Amino acid sequence: MEGTIRKIPEKGITLTQGLIRQEVLVAAQEIAREKGIDKDRIIASIEEALVKVAHLKYGEETPIRAAIHQKTGEISLLHVRTVVDDVTNPLEEISLVEAQAQKPSVQLGDTFEEPLPHMDFERVSAQVMRQVITRLIKEASREKEYAEYHDKAGEIVSGTVKSIDFGNVIIDLGQAEGVLLPEDTISRERFHPGDRIRAYVREVKQDPKGFQIFLSRSCSEFMIALFKQEVPEVYNGVIEIKAVARDPGSRAKIGVFSLDSSLDPVGACVGVRGNRVQAVTAELRDERIDVIRWSDDPFTFLVNALTPASVTKIVTGDKENAVQVVVPDDQQSLAIGRRGQNVRLASTLTGLHIDIVTESDDNTQRTQFTNALSEKFVNVLDIDDVMARFLIAEGFESIEDVAMVNVSELESLEGFTETLAQELQKRARRFCDEEMQKKIDTWISMGGQQDLQELSDLLSPDMLIKLAHNKVLTLHDFADLANDELLDILKEGLTREQADQLILEARDKTHAYDAQKT
């Protein structure tokens, strides 16, 4: 071992042990009882401190163990070494011959302990005791406070504003302090030292200096906790708050559901003459709260979420979690809300991207769509405008619909013969094949490789072109993509699960190709 090796006294020197005065041990025991600190923990910490003191005399490299007899107060400092055949480090090792000379039963590999010479423990031990007990009291106090407030995480606590530091509101909670960060306050909310305040315990975080209690008045959980206090049915779990969307200090929407079919969840949360919801509103600086009946049908819940506006119809598109909501012309501003607040909260509450359009706009869009589609049907299928509009009225909204539908459905249309149905589908499929080939040719001209094209039928020509625009041209390029990268490139057309599966298949195939090459 490198470094300075301090000399340990040779065998034969008379060794004496130190004593900790009994009154000090008694004091330690009393403090253990008063402060709730385990007595063994105090003794173990004193022993640890005494080892550090001994290291000052004998060197950090010397393995030392301290032991205190809890009844007599006797202190033993022991030099701890391992029994070996050949000693290479005398500080950590002792020869078998030397060890057996003192204790014949010792075997190779055993731990051998020898007493170290007397130190002035009368003075040193009392100082160590004071330092250790002071430190342990502080640690125990912090641990007790941490345990108390850690258990309160997710609850509402009350306190007094102690100070405001760079926008952070420091709150005296009695036994500890909490902090309310600027983003956890309600907009336009102002505090002054001495103000009483209630807040939600968002997180209790430990750090080397102790712990911090982070509070919040702007989080959704605070509103839920307030309703639990004001509405017994929510507290008891009969009514569940399924979703919350807040614009703190301004407006909020909550979706509620009753496990008891005979109990109206909205009425229970609002209370008689609105007394329950008004109590929550008052705590949140007059934040207006819409209590909405939750439904497991997303479209029913969406209609409820857009209250107070009425909904004419909901149109879904190709984009996942995106809907177009049609409202009466005089309801548009009500549905959108001031600065888009109502539709934004409804979107957060339902998890849907909502596009609000009026009935007039919807009719205009529908007319434009119908005219364009009718013209396309006329040109591609070589039919007249009357038949084209008839197909649209029957639900055919693209050439692909005509190409992929079971021909018997076309035959069942009024005025359609078997020959006509088969001919229309033939023309539609020819057009689709030509369009697909054009897109594939475009993709190949951009440098796209066949191995990627053959990966899966889920990758349409449109997707391949989008990938090519992002320099993803080969199977290896595709295999290097992360899930989020692929979804960001394609925007739509694949679910997250499908994207995961395609990337895994690509990686398996590239590994197989690479293995064949090697």
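Select Gly447 to begin: this residue follows helix 16, and its phi is positive, near 105°. Keep in mind during the tour that the model is predicted.

Now step back to helix 16 itself and select residues 418-445. With 28 residues at 1.5 Å a residue, helix 16 should span 40 Å, and its end C-alpha atoms are 41 Å apart, which agrees.

Next, show the side chains of Ala421, Leu424, Gln425 and Ala428, which are among the buried residues of this helix. Further along, Phe431, Cys432, Ile440 and Trp443 are buried too. A general point helps in reading such a list: an α-helix has 3.6 residues a turn, so residues three or four places apart point the same way.

What covers these buried residues? Colour helix 12 (359-381), helix 13 (385-393), helix 14 (399-404) and helix 15 (407-411), which are included in the cover. Then add helix 17 (450-453) and helix 18 (461-469), also part of it.

Move on to the sheet. Three strands form an open sheet in the order 11-12-13, with mixed pairing. Select strand 11 (239-247) and strand 13 (288-293): these are the edges, each with a single partner strand, so one side of each has no neighbour in the sheet. From one strand to the next, the twist averages 20°.

Add strand 12 (residues 251-258), which pairs with strand 11 in the antiparallel sense over eight bridges. To see one position, select Arg246, which stands opposite Ala252 in strand 12.

Last, select helix 9 (residues 298-305). Helix 9 lies across strand 11, strand 12 and strand 13, and runs at about 150° to strand 13.

How values were computed. Residues numbered from 1 in each chain as written. Predicted model: local features only at pLDDT ≥ 70, side-chain atom pairs only at ≥ 80, totals over all residues. Heavy atoms only, no water. Helix = DSSP H or I, 4+ residues; strand = E, 2+ residues; numbered from the N terminus. Expected span 1.5 Å × (residues − 1). Buried < 20%, exposed > 50% of the residue type's maximum accessible area, 1.4 Å probe, protein only. Contact = heavy atoms within 4.5 Å. Pairing = 2+ DSSP bridges. Axes fitted to C-alpha atoms, helices over the stretch in contact; angles between N-to-C directions.
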